[in-house]
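Subject: Structure handover

Hello,

Here is the structure I promised to pass on. Please open it alongside this message, and my notes follow below.

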Amino acid sequence: RESDHRAWTPVTYTVTRQNATIQGLIQGKAYFFRIAAENIIGMGPFTETTKEILIRDPITVPDRPEDLEVKAVTKNSVTLTWNPPKYNGGSDITMYVLESRLIGKDKFHKVTKEKMLDRKFTVEGLKEGDTYEYRVSACNIVGQGKPSFCTKPITCKDELAPPTLDLDFRDKLIVRVGEAFSLTGRYSGKPAPKVTWLKDDVVVKEDDRIKIKTTPTTLCLGILKSVREDTGKYCVTVENSTGSRKGFCQVNVVDRPSPPVGPVIFDEVFKDHMVVSWKPPLDDGGSEITNYIIEKKDTHKDLWMPVTSSTVKTTCKIPKLLEGREYQIRIYAENLYGISDPLISDEMKAKDRFRVPDAPEQPIIKDVTKDSAVVVWNKPYDGGKPITNYIVEKKETMATRWVKATKDPIFPGTKFKVPDLLEGCQYEFRVSAENEIGVGDPSPPSKPIFARDPIAKPSPPVNPEAVDKTKNSVDLSWQPPRHDGNGKIIGYLIEYQKVGDEEWKQANLTADSCPETNYKVTGLTEGLTYKFRVKAVNAAGESDPAHVPDPVEVKDRLEPPELILDANMAREQHVKAGDTLRLSAVIKGVPFPKVTWKKEDHEVSPKADIEVTGAGSKLEIRNTVHEDGGMYSLTVENPAGSKTVSVKVVVLDKPGPPRNLNISDVRSDSCYITWMEPEDDGGSVITNYVVERKDVASAQWVAISSSSKKRSHMAKYLMEGTQYLFRVAAENQYGRGPYVETLKPIKAIDPLHPPGPPKNLHHVDVDKTEVSLVWNRPDRDGGAEITGYLVEYQEDGADEWTKFQTVPMLDCVVTGL
């Protein structure tokens with residue numbers, strides 16, 4: 001069967017030998033075969049070939065290789081190539097065998113390495129001047145085939161040929177941006193030349209856009225999606241040991257220009273036209289700008305109107321404008337390859353440009369004397385017309401009216417000496433500029449100056465002395481200098497020197513940090529002795545120093561604590577609840593004492609804010625409550641002693657609840673209520689008590705007394721049988737305190753007593769074991785209906801009475817006697 005079919009086809013049934021020839025097979029197809037033995041009983045099992053058998057002619061050695069050629073010759077090597085044989089003998093080529101024969105010798109020698117399948121080989125290590133011929137054979141699994149025809153005799157020597165270059169491009173090439181271009185050509189030379197591409201004398205490198213392809217005979221530089229930067233002079237160099245050739249091409253990648261360079265300058269502005277100018281584009285796109293296109297737009301409208309498209313200059317007159325309207329100008333550059341993006345100007349109003357000059361900047365005042373000053377200013381913008389005059393004005397700082405400094409014109413200088421000032425007065429100055437249109441706004445006023453002669457350095461301070469000291473500081477005091485040098489004293493510089501040292505140290509760096517005539521020098525070392533000196537400073541400089549007469553030893557000066565009480569530290573301080581309690585005192589002492597606040601010999605409440613400064617201390621409690629009352633004490637202590645003051649604080653508040661509320665003497669229409677005064681009267685006399693009652697079935701309390709000063713009250717007008725609750729609260733001048741309430745309801749009924757004795761008890765019948773008794777009702781029932789009568793009997797002479805029966809009526813028969 002064929003290998004791609006399943007059905008078996010019989011070949012013969014009459015074979016008695018152990019072999020058979022199968023006819024009619026197709027060359028190139030694969031087949032499976034099977035054989036079975038047969039006897040008279042029948043056919044046995046088949047035996048099948050294990051793998052398919054391909055039908056083909058018998059395998060021979062390959063034919064001879066073809067086209068054996070010499071590709072290169074040097075003084076010590078030969079490079080050869082060849083093509084495979086036309087017929088491989090029915091089996092794949094497994095290797096090639098290259099052989100050489102030195103001319104003059106008889107034998108060929110093998111020169112290829114083992115198992116070489118390449119069809120190119122370089123024979124190396126030859127001797128210069130020797131002549132060889134070569135042949136090549138192909139091998140398959142059968143063996144080595146016939147050798148190829150021999151080459152011509154080849155002599156080992158360098159083949160030299162100078163480079164040649166044949167280019168496909170001209171000297172110049174113009175390319176649009178975005179398009180691709182390539183520079184191609186052919187070259188030759190022996191030995192094989194090296195090919196180099198340059199652009200503007202820089203080696204061209206390959207990247208995503210630039211591709212360089214070089215074969216043994218052709219060369220190509222290709223650029224995809226060209227950009228303006230690809231413009232330049234390209235050079236290809238073909239070079240070997242015998243010489244070189246070069247080819248050039250000037251490539252110009254052209255595009256539309258970039259926008260004109262701004263800003264748009266408004267050289268002239270009038271009410272009906274403007275003249276604008278601009279700068280050419282930075283990049284003309286590789287082609288000369290042919291013209292500019294100018295458009296205008298009223299900013300109130302969205303429509304751009306053409307002005308001109310034919311100008312080649314970078315300036316243009318914009319005509320036909322409406323006075324007062326604002327306009328924008330749009331400018332395009334154009335070359336052979338397109339129109340640029342636009343340059344758009346700022347908005348500009350169409351109006352005549354000339355106006356009065358601007359106000360000068362604030363003038364500067366120099367060279368002040370008691371009757372004159374020099375005013376200096378910068379020239380302002382002239383409004384489009386030349387400035388012809390400056391007007392300088394003066395006024396006293398406190399005055400409102402400005403006065404011209406001179407009637408004469410001031411021009412062209414920008415400074416003027418103002419005469420006729422009054423000594424000691426303070427002046428301000430201002431300047432206005434004038435052109436043919438008119439006088440512009442005045443400048444801001446100058447800084448005020450006093451008309452006085454220049455100042456000198458002051459004389460030294462007077463009588464410096466040390467007035468106080470601690471372990472690390474000394475307090476100095478002095479009098480101002482007798483002469484201030486006609487200048488205000490800015491302040492004082494204080495210096496100190498440790499006794500024995502030569503260097504004076506500054507206690508303060510700037511004079512204005514000590515404007516007064518006293519200063520505390522800090523940071524000194526305890527136990528050392530220091531000298532001190534003081535200098536006065538004005539605008540002209542520092543005075544000579546004035547020395548403290550004697551050196552000062554730095555140590556604590558001991559003064560016992562002293563308390564100067566404020567009004568809120570009187571013997572007793574009353575504060576209304578909810579208000580703020582403030583206690584304060586001035587504290588003195590050297591060193592400054594330690595401050596302690598206490599209440600009833602305990603720490604004060606955490607809600608109290610305590611502040612201690614170098615001058616005193618303050619205790620403050622906001623939103624006081626009654627519990628904040630008590631005896632407060634302030635203790636100050638230093639090594640020289642201590643001092644304590646106390647103040648009683650009463651926080652005035654509503655009273656507490658009354659105590660021991662009691663209800664007694666209950667009747668059907670009244671009861672008696674008593675109580676005791678509250679434990680806490682809130683710091684104020686209780687003015688009255690409020691008594692209220694409430695029917696237990698009602699939600700509403702009803703006042704039955706609100707002005708009683710007594711601690712009892714008779715509640716009248718109760719309804720018999722109704723249950724009542726009562727409550728009482730105390731009041732003082734700060735309000736009503738909390739109520740105290742009866743724990744359980746009180747029922748309004750008269751009190752009950754036992755009834756009186758029955759009257760007129762006697763028997764009406766007697767038997768041997770029983771007695772019949774009758775009696776009358778008692779005089780009083782005790783306040784409630786009589787529910788029955790208890791009958792008892794006693795044997796005569798006995799101590800105990802025996803209960804017999806309780807009966808509801810006024811008679812009874814006692815039995816069992």
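**A buried serine**

Ser137 sits in strand S10, residues 131-139. Keep in mind that this is a predicted model. Is Ser137 buried or exposed? Ser137 counts as buried, because its relative accessibility is 1% and the cut-off for buried is under 20%. Its side chain makes a polar contact with the side chain of Gln144, at 3.3 Å. Neighbours within four places in sequence aside, Ser137 also touches Pro65, Met95, Tyr96, Val97 and Glu99. Gly145, Lys146 and Pro147 are among its contacts too.

**The largest nonpolar core**

In soluble globular proteins, nonpolar side chains tend to be buried together. Here, the largest nonpolar core has 20 residues. Which residues have the most contacts inside it? They are Leu583, Trp597, Tyr632 and Leu634. Five strands each supply at least two residues of this core:

- strand S48, 581-590
- strand S49, 594-599
- strand S52, 616-621
- strand S53, 630-638
- strand S54, 641-652

Take a look at Trp597. Leaving out residues up to four places away in sequence, Trp597 touches Leu583 and Leu634. Its other contacts are Met569, Val604, Ile610, Ser617, Lys618, Leu619 and Ser633.

**A nonpolar patch outside**

Not every nonpolar side chain is hidden: Val61, Ile141 and Val142 form a nonpolar patch on the surface. Together they have about 260 Å² of accessible area. Val61 belongs to the loop between strand S4 (53-54) and strand S5 (66-73). Val61 is partly exposed, with a relative accessible area of 32%.

**Salt bridges**

Side chains of opposite charge can pair when their charged atoms come close. How many salt bridges does the count come to? It comes to 29. Three pairs are described here.

Arg186 pairs with Asp166, and their closest N and O atoms are 3.0 Å apart. Arg186 lies in strand S14 (residues 181-190) and Asp166 in strand S12 (residues 161-167), so this salt bridge ties together parts that are 20 residues apart in sequence. Both ends are partly exposed: Arg186 has a relative accessible area of 35%, and Asp166 is at 41%.

Asp358 and Arg355 form a salt bridge at 2.6 Å, N to O. Asp358 is partly exposed at 29% relative accessible area. Arg355 is partly exposed at 40%.

Glu692 and Arg727 form a salt bridge at 2.7 Å, N to O. The pair links distant parts of the chain, 35 residues apart. Glu692 is in strand S57 (residues 688-695), and Arg727 is in strand S60 (residues 723-732). Are these two residues buried or exposed? Glu692 counts as buried at 9% relative accessibility, and Arg727 counts as buried at 17%.

There is also a network. Salt bridges that share partners join Glu495, Arg533, Lys535 and Glu542.

**An aspartate in a loop**

Asp680 is in the loop between strand S56 (671-676) and S57. Asp680 is partly exposed, with a relative accessible area of 26%. What does its side chain meet? It makes a polar contact with the side chain of His626, at 2.5 Å. Apart from neighbours within four places in sequence, Asp680 is in contact with His626, Pro655 and Gly656. For a sense of scale, take Asp680 and Pro515. They are 165 residues apart in sequence and 58 Å apart in space, C-alpha to C-alpha.

**Backbone points to check**

Most residues other than glycine have a negative phi, and most peptide bonds are trans. Where does the model depart from that? Two peptide bonds and two asparagines are listed below.

- The peptide bond from Lys190 to Pro191 is cis, with omega near -10°. Pro191 lies in the loop between S14 and strand S15 (194-199).
- Phe411 and Pro412 are joined by a cis peptide bond, with omega about 0°. Pro412 is in the loop between strand S33 (403-404) and strand S34 (415-418).
- Asn660 has a positive phi, near 50°. Asn660 is in strand S55, residues 659-664, and is exposed at 53% relative accessible area.
- Asn760 has a positive phi, near 60°. Asn760 is in strand S64, residues 759-766.

Best wishes

Technical notes:
Residues numbered from 1 in each chain as written. Predicted model: local features only at pLDDT ≥ 70, side-chain atom pairs only at ≥ 80, totals over all residues. Heavy atoms only, no water. Core = buried A, V, L, I, M, F, W, Y, C linked by side-chain atoms within 4.5 Å. Buried < 20%, exposed > 50% of the residue type's maximum accessible area, 1.4 Å probe, protein only. Helix = DSSP H or I, 4+ residues; strand = E, 2+ residues; numbered from the N terminus. Contact = heavy atoms within 4.5 Å. Polar contact = N/O pair within 3.5 Å; in protein donor to acceptor, adjacent residues only side chain to side chain. Patch = residues over 30% accessible without salt bridge, like charges linked within 9 Å, V, L, I, M, F, W, Y side chains within 5 Å. Areas by Shrake-Rupley, 256 points an atom, 1.4 Å probe, with all protein chains shown as cover. Salt bridge = Lys/Arg side-chain N within 4 Å of Asp/Glu carboxyl O.
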